[in-house]
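Open the model in a viewer with a cartoon representation and keep the selection panel at hand. The stops below go from sheets to core to loops.

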Amino acid sequence: MASVTKAVALLATATLFALQVSYAAVHKVGDSAGWTTIGNIDYKIWAAPKTFQVGDIIRFEYNPQFHNVMRVTHSMYRACNASAPLATYTTGNDSITITRKGHHYFFCGVPGHCQAGQKVDINVLRTTATAPTPSAFPPPSVPATKAPGPSSSTAASLRDSNSITGILIGLAMIVFAVFSSTAA
Ligand SMILES: [Cu+2]
């Protein structure tokens, strides 16, 4: 019976682990269209319904002959100023791990593309319990000044209740395993 208890406890642990890992989401910018100027994609509309968290991955997929990705400050973002980016990515398949909350501004540095709308503001609401992944960003040189609004805290508490439910299910499984082994 002890081995059964062990197996069920292991399964419960694995479930908890899977629930935690599932929070590190991958967000492909522009979805199927990717990172482009074709089709006048509004990346603001793409980003609006999404919840970005620390540990999530932002993926830019594009033809590197025509585009690139630059991470910039808010003022550079507003002005489409590509003269001094914080970071530049040019592989055509760039996965950027979010390591801190706040706004992360990206645009394409090819002349005219940012002005044409190839720019995206990734607003990361808050840090979660998920273990931080190795830093893909240099230390932040621009402090995040915007505090999360009321709508963001609602989304955050929803996330919290989800993870608490996951933990409760895991605990219930462990209790059940112990109970069934003592009853037998
Ligand atoms: Cu471009």
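Two strands count as paired if DSSP finds at least two bridges between them. Helices (H or I, at least four residues) and strands (E, at least two) are DSSP runs numbered from the N terminus. The model is predicted: local features need pLDDT of at least 70 and side-chain atom pairs count only at pLDDT 80 or more, while totals for chains, interfaces and linings use all residues. Residue numbers start from 1 along each chain as its sequence is written.

**First sheet**

Select strands 1, 2 and 5. These three strands form an open sheet in the order 1-2-5, with mixed pairing. Strand 1 (26-28) and strand 5 (93-97) are the edges; each has a single partner strand, so one side of each lacks a neighbour in the sheet. Neighbouring strands here are turned by 20° against each other on average, direction ignored; the axes behind such angles are lines fitted to C-alpha atoms, for helices over the stretch in contact, and angles run from 0 to 180 degrees between N-to-C directions.

Now restrict the selection to residues 57-61, which are strand 2; five bridges join this strand to strand 5, and the two run antiparallel. Within the pair, R59 stands opposite S95 of strand 5.

**Second sheet**

Next, select strands 3, 4, 6 and 7. They form an open antiparallel sheet in the order 4-3-6-7. Which strands stand at the edges? Strand 4 (87-89) and strand 7 do, each with a single partner strand, so one side of each has no neighbour in the sheet. The twist averages 25° from one strand to the next. Six bridges pair strand 6 with strand 7 in the antiparallel sense, and H104 stands opposite I122 in strand 7.

**Core**

Show side chains for F60, V69, F106 and F107. They have the most contacts inside the largest nonpolar core, which has 23 residues. A nonpolar core is a set of buried Ala, Val, Leu, Ile, Met, Phe, Trp, Tyr and Cys residues joined through C-beta atoms within 7 Å. Buried means 20 or more other C-beta atoms within 10 Å of a residue's own, exposed 12 or fewer, and partly exposed in between, with C-beta atoms placed from the backbone. Elements giving two or more residues to this core include strand 3 (69-72), helix 3 (74-79) and strand 6 (102-107).

**Loop**

Finally, select D31, in the loop between strand 1 and helix 2 (43-47). Its phi is near 55°, a positive value in a residue other than glycine. D31 counts as exposed because it has 9 C-beta neighbours inside 10 Å. N40 lies in the loop between strand 1 and helix 2, with phi near 50°.
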